[in-house]
Amino acid sequence: MAHLFNRNVLLGVSGGIAAYKSAELVRQLQELGATVRVVMTRGAQEFITPLTLQALSGNPVHTELLDAEAELGMSHIELARWADLLLIAPATADLLARLAAGRADDLLTTVALATAAPLVLAPAMNQQMWRDQATIANVAALASRGYTFVGPASGEQACGDIGPGRMEQPAIIAAAAAGVFENGLLEGKRVVITAGPTREALDPVRYISNHSSGKMGYALAQAAVDAGARTTLVSGPVNLSAPDHARVLHVESATQMLEQCLQLLPECDIFIACAAVADYRPAAIEQQKIKKGPEHINLQLVRNPDIVAAVAASEHRPFTVGFAAETNDLLAHARDKMKRKGLDMIVANDVSNRSIGFNSDNNEATVLWADGEQVLAMTGKSAMARQIIQIIARQLGSPAG
Ligand code: PMT
């Protein structure tokens, strides 16, 4: 059964009589596990009040594009990045036309342009409007961009006509929204992903570590699960809940992470090294807490094993993907790392920018492989993870990739 646990669904409501069904849709999405925020067009507010949808969703409803106060709360760009899915229900004929033309003349159409999240549309309009050549062309244009349509259903309409144009039932729309995340791109594949930091102990109470939150690696695990892969996450210490249906193996140090990954190799088709592994560890771990003493003490460090390089050099190597966390000369350093470590692909991210990379909700990256590259514009880590999984599937020749 498809679900929406840990998903942020942005529900767009445009101005048609079916807008009253959006209230029930919010409930259905929440029942599938989603966190819901709502954007309403001006027309939608003629049919149902923002207050109703605010009370049901438990979040403020967004209505204005050019409102300084609203933008201070959560700007249209932040909303676009927050969304794992943009669901527009009802989508009127006018809204479809504006989306097809790429307009950004209100908050909803602007967010639709600004988001990298998948888009699901539940059209609702008079049957003759649905059959009109202009609407047919708009629907075809939007479908060719990869947007998913749910409905419309056929039957008696509010205006008395009979035919196609009724908004689909909320339960069916919610199930279709959940289905978007199950794309089968990596069906039958076994994926191992490292995530989070490692901790290199100095004594029983102290360690060396870094600021990795695990968000990027956990998002990749969720995207791999959604793509149908049997997914194992080898995780350093983080504060995140396990992605649904992924196996999570907890480790602390680089040495433990390497051991765990090597054990998993016989059941691994794709290896993604997203962990920020400490390059060095203390040469010795003191058995007792190090006491405060002289003004200066020396710490001797030794090199940690390189996990991703060891995986890439193994006899039956999986398709091996690394990350490159760089603060300068991003692409040159990333290409060099890909070559030195023997990787099939590398995701280069600039960690000098505090709004992306370590411990942020967003990321921006360039994915490099032997004879190509793809730039991934700044977006939420979930959306980025889905794009990375798509690129991997394409490189592996998945028919759907
Ligand atoms: O966890 P978040 O807060 O969401 O942040 C995400 C991230 C910034 C940690 C992530 O996007 C990222 O860049 N991960 C790789 C971090 C890193 O250690 O990069 P690196 O350039 O130092 O290492 C290159 C590659 O070698 C990485 O795939 C790394 O996992 C791997 N490596 C490094 C050292 C080592 N001893 N063993 C390894 O396998």
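Which side chain does Glu31 meet in a salt bridge? In this predicted model, the partner is Arg27, with an N to O distance of 2.6 Å. The two residues lie four positions apart in helix H1, which spans residues 22-31, so about one helical turn separates them. Their surroundings can be described by accessibility: Glu31 counts as exposed at 53% relative accessibility, while Arg27 has a value of 37% and counts as partly exposed. As general background, side chains of opposite charge can pair when their charged atoms come close.

The pair in helix H1 belongs to a wider set, and the structure holds 17 salt bridges. Another of them joins Arg98 to Asp94, whose closest N and O atoms are 3.1 Å apart. Here, too, the spacing is four residues, this time within helix H5 (residues 93-100), so Arg98 and Asp94 are separated by about one helical turn. On the accessibility scale, Arg98 is buried, at 13%, whereas Asp94 is partly exposed, at 47%. The cut-off for buried is under 20% relative accessible area, and this is why Arg98 falls into that class.

A further salt bridge links Arg103 with Asp105, and the closest N and O atoms of this pair are 3.0 Å apart. Both partners are partly exposed: Arg103 has a relative accessible area of 47%, and Asp105 has a relative accessibility of 38%.

How do these contacts fit together? Asp94, Arg98, Arg103, Asp105 and Asp106 are linked in a network of salt bridges. The network thus includes the Arg98 and Asp94 pair as well as the Arg103 and Asp105 pair.

Note on methods. Residues numbered from 1 in each chain as written. Predicted model: local features only at pLDDT ≥ 70, side-chain atom pairs only at ≥ 80, totals over all residues. Heavy atoms only, no water. Salt bridge = Lys/Arg side-chain N within 4 Å of Asp/Glu carboxyl O. Buried < 20%, exposed > 50% of the residue type's maximum accessible area, 1.4 Å probe, protein only.
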